[in-house]
Amino acid sequence: MVVNALSVDVEEYYHGMEFEAAVPESERHLLPSRVELSVERVLGLLDHAGMQATFFIVGQVAAAHPSMVRRIAEAGHEIACHSDRHNLVSRQSPEVFRADIQRAKACLEDICGEAVLGYRAPNYSIGPQQSWAYDYLLEAGFQYDSSIYPIVHDRYGQPQAPRFPYEIRRDGDRRLIEFPIATRRWLGLNLPIGGGGYFRLLPTALIQRGIRHVNRREQQPVMFYFHPWELDPDQPRPPMPWHHRFRHYVNLEHMPAKLHDLLERTRFAPAKHVLGLVPATTVTS
Ligand SMILES: [Zn+2]
């Protein structure tokens with residue numbers, strides 16, 4: 001039976017793209033932090049399902065909440081990196097990106113005491129013009145990246161990219177694997193079945209059927225993701241255009257039940273296990 005990868009992008013609700021437009025950066029830090037509360041909900045759900053996941057954590061969030069990171073690691077989940085400041089890669093120079101990933105990786109490894117193998121760019125912002133980023137990820141010691149969503153989308157998406165894990169960079173013995181977000185082929189299109197707003201909007205059974213189809217017919221694992229803030233309907237709601245409001249808040253109140261359903265019927269594990277990666281710090285005798 002194919003085991004899929006489950007991932008959680010740990011950030012504040014105001015790291016969402018819609019909040020970026022609604023609240024100026026200089027004022028965002030004044031908003032109340034709700035990440036610990038929402039991560040507790042995620043840990044409760046996963047514990048109930050007896051399942052472990054990969055938590056891609058924003059470095060600055062980890063630095064502000066180190067005990068939360070330790071709680072995640074102690075529950076047996078994989079700690080991975082979701083950048084240091086949640087800035088889009090497409091808005092960074094290579095030098096700024098390099099410093100950002102090195103800072104975040106060091107911070108996370110300091111807190112959890114384990115090698116961090118995985119990276120996910122904020123909003124899947126490594127496009128074809130940012131492919132230099134893979135060289136820096138490999139240089140920093142990452143073993144896999146999960147920043148490509150092979151769909152058509154207004155903000156991100158590379159519909160021509162491979163749909164399943166593949167080697168994206170190699171330097172001698174060191175490899176960087178890309179683990180794209182889940183899609184299902186249908187009438188020549190890649191349909192998004194990997195999480196986010198689509199998961200909140202579409203019937204859970206439809207997503208489950210899609211994952212089962214990929215597992216059985218294509219014999220491949222998929223990568224699924226969600227955010228802790230998607231389990232927090234009581235988060236602040238500043239004024240924003242209706243379509244932004246819809247994207248950020250639609251069906252937040254149904255998320256716990258939807259995830260519960262998904263976890264009951266689908267096999268998941270942390271990405272590093274699905275990819276069969278061994279942490280660089282593991283010593284075998
Ligand atoms: Zn994010």
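This section describes the zinc site, the aromatic contacts and one strand hairpin of a predicted model.

The zinc ion is held by three kinds of contact listed here by residue and atom: Glu-11 through OE, His-82 through NE2 and His-86 through NE2, at 2.0 to 2.1 Å from the ion. Along the sequence, these donor residues follow the spacing E-x70-H-x3-H. Glu-11 belongs to the loop between strand 1 (4–10) and helix 1 (17–22), whereas His-82 belongs to the loop between strand 3 (78–81) and helix 6 (94–112); the two residues are 71 residues apart, and the pair links distant parts of the chain. Both Glu-11 and His-82 are buried.

Aromatic contacts were examined next. A pair of aromatic rings is described by the distance of the centres and the angle of the planes. The structure contains 12 aromatic pairs. One of them is formed by Phe-56 and Tyr-144, with 6.3 Å from centre to centre and 75 degrees between the planes, an edge-to-face arrangement. This pair also connects distant parts of the chain, since Phe-56 is in strand 2 (residues 54–57) and Tyr-144 is in strand 5 (residues 144–145), 88 residues apart. Phe-56 counts as buried because its relative accessibility is 0%, and Tyr-144 counts as buried because its relative accessibility is likewise 0%.

For Tyr-124 and Tyr-149, the ring centres are 5.8 Å apart and the planes stand at 65 degrees, so this pair is edge-to-face. Tyr-124 is located in the loop between strand 4 (118–119) and helix 7 (132–139), and Tyr-149 in the loop between strand 5 and strand 6 (166–171); the pair therefore ties together parts that are 25 residues apart in sequence. Tyr-124 and Tyr-149 are both buried.

Ring pairs further join Phe-97, Tyr-119, Trp-132, Tyr-136 and Phe-142 into a cluster. Phe-142 also has a charged neighbour: Lys-105 lies over the face of its ring, at 5.4 Å from the ring centre. A second lysine–ring contact involves Lys-258, whose charged end sits over the ring of Phe-199 at 5.2 Å from the centre.

Finally, strand 8 (residues 183–186) and strand 9 (residues 189–192) run antiparallel and are joined by four bridges. Within this pairing, Arg-184 has Leu-191 of strand 9 as its bridge partner. The two strands form a hairpin with two residues between them, where Leu-187 adopts a positive phi near 50 degrees.

Notes: Residues are numbered from 1 along each chain as its sequence is written. This is a predicted model: local features need pLDDT of at least 70, side-chain atom pairs count only at pLDDT 80 or more; totals for chains, interfaces and linings use all residues. Side-chain values use heavy atoms; hydrogens and water are left out. Rings of Phe, Tyr and Trp (its six-membered ring) pair if their centres lie within 6.5 Å; planes under 30 degrees apart count as stacked, over 60 as edge-to-face and the rest as tilted. Buried means under 20% relative accessible area, exposed over 50%, partly exposed in between (1.4 Å probe, protein chains only). A charge sits over a ring if NZ of Lys or CZ of Arg is within 6 Å of the ring centre and within 35 degrees of the ring normal. Donors are N, O and S atoms within 2.8 Å of the metal (3.2 Å for Na, K and Ca); water is not among the atoms, so sites may look incomplete. Two strands pair if DSSP finds at least two bridges between them.
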